[in-house]
Amino acid sequence: GSYFTSDGAIKIFQTVQYKENGFLSLECLYPGKSLDLDFKNYPISYPWAIFSDELGKEKCVLEYPPFFYWLGSLLLYVIPVSLLLYLPILFYSFAIFYFDKILQSIGFVSLFRIFIVILSFFSFPLLTSLDYTESPLFICFYLAGFHGITKVTRKDFQFNLYQLLGIGGFFGLAFLLRLEVLIPFAFLLSLFLLSYKEIKPFILVSIGFLLVSLFFVLYNLKVSGHPLGFRYVSSIDQNQNSNSDFVDRLLLLKAYLWGDKVMVGIFQFNPVVYFLLIGSLFLRLLNGNNKSGNLFLFAGLMSIICIPFYVTFYGGVGYFGLRYLEAPYFLIVIGFGYYAQALNKFRKTSIKFALFVFFGIIFYFNLLTTREGLKVLRSSSVDLSTLHKSFDRAERFVIHTSLYSSIWMGKSFLEKIHVLTTTTDSFHQYLSNIKKGEEFVVLETSKNIYISSDIPEKLHNKYLTSVNIKSDKIEILEESEIFGMKRYVAKKK
């Protein structure tokens, strides 16, 4: 029942919103709305919620594109939320076998292929998929697009109008779910045109992409007034880092590659990336140039190098931000796969043994970092479960005095009325909604909390709050500490 991350919880809220209020509903799900029509005490804020005071517009909208959550809302008619959380794992499992099929289809049939597949999926993509998220389906869609491009690059490819439109369509479906596929797709298609000088496939794949993306753009224009939708408005327009200078963007690139104090870099988390790049170069020198291999390798590398120019934030602490590198990473693996066809020819037992030992060492270090990530998720899940159970003491209301605690509401948000009061006045004013003799829970946040660098400074005062909850109107029944926060069970006098 607990959600590992705040992102996953918000996505669950949107899914329930579409089920309860309709597919095309926009206004934030809010169990306490009847007591707060203006959403002044809504417990969710940047980057997930966007607020508006304009007449005729929703007071609050959650930011994520609805397309995956429409699917989830349909499933909620036949399965509970607890089972819905396994949907991403189902798509992720399919992606593993599908990616293995892609590598085999380009001629990488050596047993070493299995090591590469395991190293690719038992890594940061796994950690970002163990959540209620669209990421695994997103992976499936762009892998289908990559697979299509591998077919187009073959010498025996037969021109097929619908197949080419379909390839672009898969990239378009990926774009519906997450915007960051646009850059890897643009690089892959542009480099294809430059390398193969084939204008018809380029145009038809582009048309297939545009046909699907047109629905995305028209929908977003209709509901948000911006072609890229609420998520772009929230994550880019309202993100103070979007105007960073060139040096700041280079520092962000360094963080995505080698890490910094906020996040773990891709080379740091999965050293197999070094092997993929150096191994491709070595095999090229040994066996000559491979045009298809170069296409995917350079598309992946260019997408990674350009990341700070289209993702201007960390996207989470630790490994969470690495989800923006997943598509470029798989491009690099496919590029290596073309050059790794040479491994199929190795017959000497000593060479095979050396490679197995080498891959074993890389797998061991990858296992250590992935296991640490899984331990963090497990620990967070246990702590969150304890926190959510503590909310059961409330008859109806859970009052947060900081945005820091409100991002950990989980399933309790669907069962209780969670509200945010960041000042002493607003806290005591909200008490008028609580009946005499009713028990409720208050969460008070420490002054030493960590605030992500992605949070705009103008919102820091809603995290670092000082609310005096003592009053002759309430009686404190119980006090405890959890997650570095004080939890009070109180009763209205």
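Biologist: Does C28 count as buried or exposed?
Modeller: This is a predicted model, in which local features need pLDDT of at least 70 and side-chain atom pairs count only at pLDDT 80 or more, while totals for chains, interfaces and linings use all residues. Residues are numbered from 1 along each chain as its sequence is written, and side-chain values use heavy atoms, with hydrogens and water left out. A residue is called buried under 20% relative accessible area, exposed over 50%, and partly exposed in between (1.4 Å probe, protein chains only). At 4% relative accessibility, C28 counts as buried.

Biologist: Which residue forms a disulfide with C28?
Modeller: The structure holds one disulfide, a term that here requires two cysteine sulfur atoms within 2.5 Å. The sulfur atoms of this pair are 2.0 Å apart, and the link is left-handed, with -75° about the S-S bond. The partner has 0% relative accessibility and counts as buried. The residue bonded to C28 is C60.

Biologist: How many residues apart in sequence are the parts that this pair ties together?
Modeller: Helices (H or I, at least four residues) and strands (E, at least two) are DSSP runs, numbered from the N terminus. C28 lies in the loop between helix 1 (6–21) and strand 1 (49–51), whereas C60 lies in strand 2 (residues 60–62). The disulfide therefore ties together parts whose separation in sequence, in residues, is 32.

Biologist: In the open sheet of five strands, which strands stand at the edges?
Modeller: Two strands pair if DSSP finds at least two bridges between them. The order is 4-3-5-7-6, with mixed pairing. Each edge strand has a single partner strand, so one side of each is left without a neighbour in the sheet. The edges are strand 4 (417–420) and strand 6 (474–482).

Biologist: Do strand 6 and strand 7 run parallel or antiparallel?
Modeller: Eight bridges join strand 6 to strand 7 (residues 485–492). One bridge has I474 with its partner K492 in strand 7. The direction of the two strands is antiparallel.

Biologist: Which residue in strand 5 stands opposite H400?
Modeller: Strand 3 (residues 397–400) is covered on both faces, with F397 and I399 buried on one side and V398 and H400 buried on the other. Four bridges join strand 3 to strand 4 in parallel, and F397 has I417 as its bridge partner there. Three bridges join strand 3 to strand 5 (residues 439–445), also in parallel. Opposite H400 stands L443.
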